[in-house]
Amino acid sequence: MEKVVIIGGGYSGIYALRELAKNKNIQITLIDKHTFHNLQPEVYDLIANKSNIADVTIDLTTLCMGINHDYVEYKNLKVRRIDKEAQKIYTEEKEIVTYDYLVMAAGTRTFFPPQIPGLNNAHDIKKLHWAMFFKQSFENQLFKKIRDEAKQCEDTHIVVVGAGLSGVEIAAEMAYNSKMFFKRGNFSCDNLKISLVSSSDTILPGLSPKLISMSHQRLKSLGINVITSTKLTECHKDHLELSNGVKIYHSFIIFTGGIEASPITTDLDVDKNRRGQILVNEFLQANGHENIFAVGDVAEIKDKKGEIMPPNVTVARISGTCAGRNILNHIKKKKLKACDPKLEGILIALGGKYAAGNLYDLVHVQGRIAYEIKKYVFSSYRKPLLKLIEAGYKKLKRL
């Protein structure tokens, strides 16, 4: 029986798993150091108290148990080394996992440039535990303001460095949430400030000018101070220094700069780009390795025109599904199919029930309608997973 191992229970790993499970005669092992699949795009709702942890996570144990397959298993392990010659995975827990086919779906993490002193003072909200810490820090700042408002009303300044999707969405959600908080309570000490720093000449670099403009206008309406064409040069506990010579005192800082591949790939002897992402061919196989596939953010994925695709949920879905199909085809000695990812559009949460988006590069939407479309897209992904974990939970209770 062929054994397929997936490293990483994120979007691409889950899609690969669901595709592979169509073959009932292979063994599938999902490995992740976390016990849950983090629904990263919805973490901003968690921070804004619109949802709880159960709404933004999918339990991997019950997910695997809920899949109708006799040979699917989940292992809560931390991968330390992969021996591709021996086809063995070595883990921190001293368990060795063997494979015939390997799917690398370990994702990426925020890249903290080592040349910026003091960047360890910044928070990274890609990880759920840091998102929770940030949520508590943000709420503590609001509590401190209302606790002390009669005696003193000190400035509270939150700085978000990095104006890509993550930076823009978290800045907008914080601004909207704090605005509603002070309005609802009629608190007098409502001088919380939020700044968004972009090293590019705009926010959301690479997106359409119209989408950038709509998003920028929304941020301004929320009172966010947008600083463009400026880099962070030094980060201190209470202030940061920018390339334009400005010094900003802050209550806390969130860094949403670039990305780098999961450290799992560092010692894996395959071709990688400067960010550590695995270089793959059109079938999503690591260059020169027909039994190693890489999907989602951990891979440098190109479309048929040779253009590198941005890391997002759509590319994760397409690449994960494609890799799963190609492994099944390879097992059956069938022809592999090239992956040609296409972006169906982009939707940006901009605080409250407001979003902006570009659909199929044909039409731009904003406001409540864009928000509802975004919620529908998320729901269409989450609902089938909820059915699987419910089935897995019932099975677990019967054991």
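Of the 399 residues in the protein chain of this predicted model, 52% are buried. The chain exposes about 19,400 Å², and carbon and sulfur atoms supply 50% of that area. Eight helices and 24 strands are found along the chain. Among contacts with a separation of 6 or more, 64% are between residues 24 or more positions apart.

**Helix H1**

Helix H1 spans residues 11-20 and is mostly covered, with nine of its ten residues buried. The buried residues of H1 include Tyr-11, Ile-14, Tyr-15, Leu-17 and Leu-20. Glu-19 also belongs to this buried group, and it takes part in a salt bridge described below.

**A parallel sheet**

One open sheet has four strands in the order E13-E12-E11-E17, and the pairing is parallel. Strand E13 (225-227) and strand E17 (252-255) are at the edges; each has a single partner strand, so one side of each has no neighbour in the sheet. From one strand to the next, the twist averages 20 degrees. Strand E11, made of residues 156-161, pairs with E17 in the parallel sense over four bridges. Within this part of the sheet, Val-159 stands opposite Ile-253 of E17. In general, the strands of a sheet pair through backbone hydrogen bonds, in either a parallel or an antiparallel way.

**An antiparallel hairpin and a surface patch**

The antiparallel case appears in strands E22 (residues 345-349) and E23 (residues 355-359), which are joined by five bridges. Ala-349 has Ala-355 in E23 as its bridge partner. The hairpin has five residues between its strands, and Gly-351 takes a positive phi near 90 degrees there.

After E23 comes a loop that leads to strand E24 (363-367), and Tyr-360 is placed in this loop. Is Tyr-360 buried or exposed? Its relative accessible area is 54%, and since the cut-off for exposed is over 50%, Tyr-360 is exposed. Tyr-360 forms a nonpolar surface patch of about 360 Å² together with Leu-362 and Val-363.

**Salt bridges**

A search of the whole structure finds nine salt bridges. Three of them are listed here with their N to O distances.

| Lysine | Glutamate | Distance, N to O |
|---|---|---|
| Lys-22 | Glu-19 | 3.2 Å |
| Lys-75 | Glu-95 | 2.7 Å |
| Lys-84 | Glu-85 | 2.8 Å |

In the pair of Lys-22 and Glu-19, the lysine is exposed at 54% relative accessibility, whereas the glutamate is buried at 9%. These two residues are also linked with Arg-325 in a network of salt bridges.

Which parts of the chain does the pair of Lys-75 and Glu-95 link? Lys-75 lies in strand E5 (residues 72-75), while Glu-95 is in the loop between strand E7 (88-91) and strand E8 (96-98); the two are 20 residues apart, and the pair links distant parts of the chain. Glu-95 has 30% relative accessibility and therefore counts as partly exposed.

Lys-84 and Glu-85 form a further salt bridge. Here Lys-84 is buried, because its relative accessibility of 14% is under the 20% cut-off. Glu-85 is exposed, with a relative accessible area of 63%.

Definitions and conventions. Residues numbered from 1 in each chain as written. Predicted model: local features only at pLDDT ≥ 70, side-chain atom pairs only at ≥ 80, totals over all residues. Heavy atoms only, no water. Pairing = 2+ DSSP bridges. Axes fitted to C-alpha atoms, helices over the stretch in contact; angles between N-to-C directions. Buried < 20%, exposed > 50% of the residue type's maximum accessible area, 1.4 Å probe, protein only. Contact = heavy atoms within 4.5 Å. Areas by Shrake-Rupley, 256 points an atom, 1.4 Å probe, with all protein chains shown as cover. Patch = residues over 30% accessible without salt bridge, like charges linked within 9 Å, V, L, I, M, F, W, Y side chains within 5 Å. Salt bridge = Lys/Arg side-chain N within 4 Å of Asp/Glu carboxyl O.
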